[in-house]
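Work through the exercises below with the structure open beside you, and try each task before you read its solution.

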Amino acid sequence: MALDYKIIVSKNPVFDKCPDCGAIGTLRRSRAHNTKERLIKALTPFKLYRCRKCGWRGYRSTITVTMGSVKALLLYLVLAAITAYIVLFAMKFVS
Ligand SMILES: [Zn+2]
């Protein structure tokens, strides 16, 4: 079984809709104006964006978690649980 699901996919919010006016393709990267904004930019996957149409300014995530990845994650957990069970079962026989 091939498990080539990507759990986290990077995306470019420039192609997102503006959360305020709903225009597509108007978001542009915005420069951090103060220390708090610089910290958020440095420590999180969120980056500052500004809408060229309505002037909205805020954070957009540059990564996204896909629905397929949630399924893949569950599958990993189930497989891990089965493996752990088998290992525990085998250990009972060895000892
Ligand atoms: Zn806008």
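**Exercise 1.** Determine in which sense β2 and β3 pair, and over how many bridges.

*Solution.* In this predicted model, β2 (27-29) and β3 (residues 46-51) pair in the antiparallel sense, and three bridges are found between them. To place the pairing on the chain, look for arginine 28, which stands opposite arginine 50 in β3.

**Exercise 2.** Find the strand that five bridges join to β3, and describe the turn of the hairpin.

*Solution.* Begin with the bridges: five of them join β3 to strand β4, residues 57-61, and the two strands run antiparallel. Next, take one position as a check, for tyrosine 49 has glycine 58 in β4 as its bridge partner. Finally, follow the chain through the turn, where five residues lie between β3 and β4 in the hairpin, and where glycine 55 has a positive phi of about 90 degrees.

**Exercise 3.** Identify the residues that coordinate the zinc ion, and decide which geometry the site has.

*Solution.* The first step is to list the donors, which are the SG atoms of Cys18, Cys21, Cys51 and Cys54, at 2.3 Å from the zinc ion. The second step is to read their spacing in sequence, which follows the pattern C-x2-C-x29-C-x2-C. Within this set, cysteine 21 in the loop between β1 (8-10) and β2 and cysteine 51 in strand β3 link distant parts of the chain, being 30 residues apart. The third step is to examine the angles among the four donor atoms, which run from 106 to 115 degrees. Four donors count as tetrahedral if all angles lie between 85 and 135 degrees, and the site of the zinc ion is therefore tetrahedral. For comparison, the ideal angle for four tetrahedral donors is 109.5 degrees.

**Exercise 4.** Sort cysteine 18, cysteine 21, cysteine 51 and cysteine 54 into buried or partly exposed.

*Solution.* The cut-off needed here is that buried means under 20% relative accessible area, while partly exposed lies between that value and 50%. Cysteine 18, with 3%, is therefore buried, and cysteine 51, at 2%, also counts as buried. Cysteine 21 has 33% relative accessibility and so counts as partly exposed, as does cysteine 54 at 35%.

**Exercise 5.** State how many disulfides are counted.

*Solution.* A disulfide requires a pair of cysteine sulfur atoms within 2.5 Å, and by this rule the count comes to zero.

**Exercise 6.** Give the domains of the chain and the separation of their centres.

*Solution.* The domain assignment gives domain 1 (10-64) and domain 2 (65-95). Taken over C-alpha atoms, the centres of domain 1 and domain 2 are separated by 38 Å.

Methods
Residues are numbered from 1 along each chain as its sequence is written. This is a predicted model: local features need pLDDT of at least 70, side-chain atom pairs count only at pLDDT 80 or more; totals for chains, interfaces and linings use all residues. Side-chain values use heavy atoms; hydrogens and water are left out. Domain bounds come from an automatic or database domain assignment. Donors are N, O and S atoms within 2.8 Å of the metal (3.2 Å for Na, K and Ca); water is not among the atoms, so sites may look incomplete. Four donors count as tetrahedral if all angles lie between 85 and 135 degrees; four count as square planar and six as octahedral if opposite donors are over 155 degrees apart and all others between 65 and 115; anything else is irregular. Helices (H or I, at least four residues) and strands (E, at least two) are DSSP runs, numbered from the N terminus. Buried means under 20% relative accessible area, exposed over 50%, partly exposed in between (1.4 Å probe, protein chains only). Two strands pair if DSSP finds at least two bridges between them.
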